[in-house]
Amino acid sequence: MRKNLYFIIILCSLTSCYTYQVKKPADPAANDKQSKKNTAMANNTANPMKNAAAEPQNPQPMPAPVNVQEKLAAGKNVKIDVDGRSYKVIVDKWESDSLVAHPVHNPKKILKFHKNQINGEKIAEKRFSQPIADIITVVAYAAIGVGIYLLVR
């Protein structure tokens, strides 16, 4: 039983609360559509047939191109996708159109990528994950409770 408890404690200590998450851009078109929908709902109560025919159908707007240089500022810890390979790097600087970075656990190695090689939609920043932190906390409390129970018994 003690071996299992030690294993759980070691496993919890090796788990990180930080994960790489792709930051989703705010969609101003969605907010605009919501306000138009609310206005249309208010107008439809007076004359539903007339307003339904008069309302134009808007095509889906094209998503704005991702500016890789803005997303990858110096000092950020990110996970990038370059030509199908995934890299966890810390951004050092930009030299014209090339990203200069180093791997997270190897600051001596220098990597260079052209901005056209980097998949801008798969840039994931390292962020704190509250659900993982909550799970680790619950497991730690349970392990402490089991430990106290075994000592008292």
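Here is a quick look at the sheet and one helix in this predicted model.

**The sheet**

Start with the strand order: this is an open sheet of 6 strands, running S1-S6-S2-S3-S4-S5, and the pairing is antiparallel. Strand S1 (18-22) and strand S5 (111-114) sit at the edges with a single partner strand each, so one side of each has no neighbour in the sheet. Direction ignored, neighbouring strands are turned by 45 degrees against each other on average. As a reminder, strands of a sheet pair through backbone hydrogen bonds, either parallel or antiparallel.

Three of the pairings can be set side by side, each with one pair of facing residues:

| Strand pair | Sense | Bridges | Facing residues |
|---|---|---|---|
| S1 and S6 (residues 124-128) | antiparallel | 5 bridges | Gln21 and Glu125 |
| S2 (residues 77-82) and S6 | antiparallel | 2 bridges | Lys79 and Ala124 |
| S4 (residues 98-103) and S5 | antiparallel | 4 bridges | Leu99 and Phe113 |

Strand S6 turns up twice there: 5 bridges tie it to edge strand S1, and 2 bridges tie it to S2. Over at the other edge, S5 has its 4 bridges with S4, and Phe113 of S5 is the bridge partner of Leu99.

**The helix**

Now for helix H5, which covers residues 130-152. How far does H5 reach from its first C-alpha to its last? The span is 33 Å for 23 residues, close to the 33 Å expected at 1.5 Å a residue. And which residues of H5 are buried? Ala133, Ile136, Ala143 and Gly147 are.

How values were computed: Residues numbered from 1 in each chain as written. Predicted model: local features only at pLDDT ≥ 70, side-chain atom pairs only at ≥ 80, totals over all residues. Heavy atoms only, no water. Pairing = 2+ DSSP bridges. Axes fitted to C-alpha atoms, helices over the stretch in contact; angles between N-to-C directions. Expected span 1.5 Å × (residues − 1). Buried < 20%, exposed > 50% of the residue type's maximum accessible area, 1.4 Å probe, protein only.
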